[in-house]
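Here are some friendly notes to read alongside the model. Keep the structure open and follow each point at your own pace.

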Amino acid sequence: MARANYQNKTIKRIVFDLNRNTDGDILAFFETISNRQGLLKQLVRQEMARQNFIYNNNKKKGEFKSSVISYGS
């Protein structure tokens, strides 16, 4: 019960789909990575730095200093 309450307050789950036909390269690469979560966090933070993203922890929301980049799927 306490663990569930903690997770509900602190954890945000993000899920995305990868297509076996078009994203096979990504899936094959992921199979070689022992810490996928760590890799994804590192890559996202690198992109945040590249875009000069500033996170205001007091307001619990982020703000882009540069234009938002849309990535194709």
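How many nonpolar, polar and charged residues are in the lining of the largest pocket? Keep that question in mind; point 3 comes back to it.

1. A word on what you are looking at. This is a predicted model, and the chain has 73 residues. Along the sequence you meet the pattern α-α-α-β-β, that is, three helices and two strands.

2. Now look for the largest pocket. It holds about 1000 Å³ of space. Rolling a probe the size of a water molecule over the atoms is a way to show where empty space is left. Around this pocket there are 19 lining residues. Those nearest its centre are Lys12, Ile14, Gln37, Leu40 and Lys41. Two or more lining residues come from each of α1 (2–10), α2 (24–31) and α3 (36–50), and α3 gives the most, with seven residues.

3. Back to the opening question. By class, the lining of the largest pocket has 10 nonpolar residues, three polar ones and six charged ones.

4. Next, the surface. Of the residues in the chain, 5% count as buried. The exposed area of the chain is about 7200 Å², and carbon and sulfur atoms supply 52% of that area.

5. Helix α3 deserves a visit of its own. It has 15 residues. From its first C-alpha to its last it reaches 21 Å, close to the 21 Å expected at 1.5 Å a residue.

6. Where is the salt bridge? The structure holds one, and it joins Glu47 to Arg50, with the closest N and O atoms 2.8 Å apart. Side chains of opposite charge can pair when their charged atoms come close. Both residues sit in helix α3, and because they are three residues apart, about one helical turn separates them. How covered are the two partners? Glu47 is partly exposed, with a relative accessible area of 22%. Arg50 counts as exposed because its relative accessibility is 53%, and the cut-off for exposed is over 50%.

7. Finally, step just past the end of α3 to Asn52, which has a positive phi of about 55°. Most residues other than glycine have a negative phi. Asn52 is a residue other than glycine, and its phi is positive all the same. You will find Asn52 in the loop between α3 and β1 (53–56). Its relative accessible area is 49%, so Asn52 counts as partly exposed; the range for that class runs from 20% to 50%.

Definitions and conventions:
Residues are numbered from 1 along each chain as its sequence is written. This is a predicted model: local features need pLDDT of at least 70, side-chain atom pairs count only at pLDDT 80 or more; totals for chains, interfaces and linings use all residues. Side-chain values use heavy atoms; hydrogens and water are left out. On a 1 Å grid over the protein atoms alone, a cavity is a set of points where a 1.4 Å probe fits but cannot get out, and a pocket is an open set with protein on both sides within 12 Å along at least five of seven lines; lining residues have an atom within 4 Å of a point. Grid points are joined across faces, edges and corners, and a volume is the space filled by probe spheres set on the points. Helices (H or I, at least four residues) and strands (E, at least two) are DSSP runs, numbered from the N terminus. Ala, Val, Leu, Ile, Met, Phe, Trp, Tyr, Cys and Pro count as nonpolar, Asp, Glu, Lys and Arg as charged, and the others, Gly among them, as polar. Buried means under 20% relative accessible area, exposed over 50%, partly exposed in between (1.4 Å probe, protein chains only). Accessible areas come from the Shrake-Rupley method with a 1.4 Å probe; for residues, only the protein chains shown count as cover. The expected span of a helix is 1.5 Å times one less than its number of residues. A salt bridge is a side-chain nitrogen of Lys or Arg within 4 Å of a carboxyl oxygen of Asp or Glu.
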